[in-house]
Amino acid sequence: MSMLFVVAASWGAQAAAEPVRIELNSLESTDTGCRVSFLIENKNPRALEALRAELAVFNRGGAVQRRMLVDLGPVRQAKTIVKSFVTEQRCDDIGSMLVNDVSVCTPLERDACLDALDLTSRVEAVRFYK
């Protein structure tokens, strides 16, 4: 029984030590708005069965234009994936994106998952942060 506790504690420490890297990779104009693509890299020793983030999208002037929940998982262990979604905003109107919260992060706890996010943006004109 104590060995199981040691293994579980060890996994928890490893999971917290390894970030989940999310890169705002590209913005692409569509007929209905802007396709936003993320590159997600799970460095954790276990799969993320579910990862749902609440995003706030700001315009170039800094005003919130939209809040949305996006599913970024599942992501297998040691795997990199691409997830995309379309927002009604024009790409040129997006100034920044904030990961306001993580509503689901299975099997990690929400707060630990939010803390473990390592965010970057390949889109020079758009800040991506938490």
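Q: Does E23 count as buried or exposed in this predicted model?
A: Let's start with where E23 sits, which is strand β1, residues 20-29. Its relative accessibility comes to 13%, and the cut-off for burial is under 20%. Because 13% falls under that limit, E23 counts as buried.

Q: Which side chains make polar contacts with the side chain of E23?
A: One partner is N25, whose side chain is joined to that of E23 by a polar contact of 2.6 Å. A polar contact of 3.3 Å links E23 to another side chain, that of R122. R122 also appears in the list of residues in contact with E23 once neighbours within four places in sequence are set aside, together with S37, F38, L39 and T120. The polar partners asked for are N25 and R122.

Q: Which strand gives the most to the largest nonpolar core?
A: This core has 32 residues, and I22, F38, L51, M97 and F128 touch the most other members. At least two residues each come from β1, β2 (34-42), β3 (50-59), β4 (64-71), β5 (79-87), β6 (94-106), α2 (110-116) and β7 (117-121). The top contributor, with 5 residues, is β6.

Q: Which residues is M97 in contact with, leaving aside its neighbours within four places in sequence?
A: M97 is one of the core residues that touch the most other members, and F38 and F128 are also among those. Both of these turn up in its contact list. In full, the list reads L24, V36, F38, A56, V57, F85, V126, R127, F128 and Y129.

Q: What distance separates the C-alpha atoms of A50 and V104?
A: A50 is found in strand β3 and is partly exposed, with a relative accessible area of 24%. Leaving aside neighbours within four places in sequence, A50 is in contact with V104, C105 and T106. A50 and V104 are 54 residues apart along the chain, yet their C-alpha atoms are separated by 6.4 Å.

Q: Where in the chain do C34 and C91 lie?
A: These two cysteines form a disulfide, with their sulfur atoms 2.1 Å apart, and the link is right-handed, with 100° about the S-S bond. The pair links distant parts of the chain, 57 residues apart. C34 is buried at 0% relative accessible area, and C91 counts as buried at 7%. As for location, C34 is in strand β2 and C91 is in the loop between β5 and β6.

Q: What is the pairing of the bonded cysteines, numbered in sequence order?
A: The count comes to 2 disulfides. Besides the bond between C34 and C91, a disulfide joins C105 to C113, S to S 2.1 Å. That second link is right-handed, with 70° about the S-S bond, and both C105 and C113 are buried. Numbered along the chain, the pairing is 1-2, 3-4.

Q: Which strands stand at the edges of the open sheet of 4 strands?
A: The order in this sheet is β5-β2-β1-β7, and the pairing is mixed. Each edge strand has a single partner strand, so one side of each is left without a neighbour in the sheet. The edge strands are β5 and β7.

Q: In β7, which residue is the bridge partner of V20?
A: β1 and β7 pair in the parallel sense over 5 bridges. Neighbouring strands of the sheet are turned by 25° against each other on average, direction ignored. In β7, the bridge partner of V20 is L117.

Notes:
Residues numbered from 1 in each chain as written. Predicted model: local features only at pLDDT ≥ 70, side-chain atom pairs only at ≥ 80, totals over all residues. Heavy atoms only, no water. Buried < 20%, exposed > 50% of the residue type's maximum accessible area, 1.4 Å probe, protein only. Polar contact = N/O pair within 3.5 Å; in protein donor to acceptor, adjacent residues only side chain to side chain. Contact = heavy atoms within 4.5 Å. Core = buried A, V, L, I, M, F, W, Y, C linked by side-chain atoms within 4.5 Å. Disulfide = S-S within 2.5 Å. Pairing = 2+ DSSP bridges. Axes fitted to C-alpha atoms, helices over the stretch in contact; angles between N-to-C directions.
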